[in-house]
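Student: I would like a close look at a single part of this model, with the terms spelled out as you go.

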Amino acid sequence: MTALLEVQDAAVHFGGVKALDGVSLSVEHGSLCGLIGPNGSGKSTLLGAMSRLTDLTSGSLTIDGEEYTRVPRYRANAVGIARTFQTVRLLESMTVLANVMIGAATRAIQRGPISNWLVLTRARADNRAARATAERALERVGMTEFAAAYPQDLPYGRQRHVEIARALASEPQLLLLDEPAGGLGADEVLELGGRIRGLRGSMAVMLVEHRVDLVMSVCDRVVVLDFGRVIADGEPTAVQRDPRVLEAYLGREAEEATDADH
């Protein structure tokens, strides 16, 4: 497989804090790549940089051979990147299908900053195409039967699936999932893992998760961050045995436990 995304020497500094400190990695076409690390390791900052919500202090980002380091934030979707967030961000006044149709309409808007009005207007104008795309996205995450429901009437785990469907409806090359298992029960995590595995091959997926067991079970490759740097990058079984990874997790847990005792 060839690289879809290339991150080269990415650094993000907030004042004197180096949230990212020279991160380099690649994500191949059609692959499932996990991104893990202890709290404060830089995962969210890296995801923000990849989706252009966070500016790099230095370094570069390339997707499909084209640099997009300074592409305006509103054009991230136009270059083929979609993402979900740690917290559910659905419009409660709209049905599940209508929420997902917004994702289908967003990709088509490439000329200027996206306002809610513009997205909704485009969704209505391209209603037939947007609806068909949204219905396919809902089918991929097993949510077809809930198309006419409203988000607030669904269990939290189902709302998570709607968010993923909305991102899928923009037909991305790269899907960034930011802790999609947050707040889910064990059975819901198993279902989510199956849905994520079902995406393999059709697009590249970067999965950021605290649930290391989920990452190890679905991903082809795992990247581990600690203090803003890559400390491991490889197949899940090899990463799990890496002494640096064990030290980062077990050492940090021991330190936090000691602080709690005091």
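Which residue holds the cysteine sulfur closest to that of Cys219, and what distance in Å lies between the two sulfurs?

Tutor: This is a predicted model, in which local features need pLDDT of at least 70 and side-chain atom pairs count only at pLDDT 80 or more, while totals for chains, interfaces and linings use all residues. Residues are numbered from 1 along each chain as its sequence is written, and side-chain values use heavy atoms, with hydrogens and water left out.

The closest cysteine sulfur to that of Cys219 is in Cys33, 6.7 Å away, which is too far for a bond. A disulfide is a covalent bond between the sulfur atoms of two cysteines, counted here when those atoms are within 2.5 Å, and the structure holds zero disulfides. Cys33 is accordingly in no disulfide. Both cysteines are nevertheless buried (under 20% relative accessible area, with a 1.4 Å probe and protein chains only; exposed is over 50%, and partly exposed lies in between): Cys33 has 1% relative accessibility, and Cys219 has a relative accessible area of 8%.

Cys33 falls within the numbering of β3 (32-36), and this strand (a DSSP run of E, at least two residues, numbered from the N terminus) is among the elements that cover the buried residues of α6, together with α5 (156-168), β7 (174-178), β8 (204-208) and α7 (212-218). Those buried residues of the helix (a DSSP run of H or I, at least four residues) are Val189, Leu192, Gly193 and Ile196. They cover an arc of only 105° around the axis (taken from the directions from the helix axis to the C-beta atoms), which puts them on the same side of α6, whereas Asp187 and Leu190, on the other side, are exposed.

Technical notes. Contact = heavy atoms within 4.5 Å.
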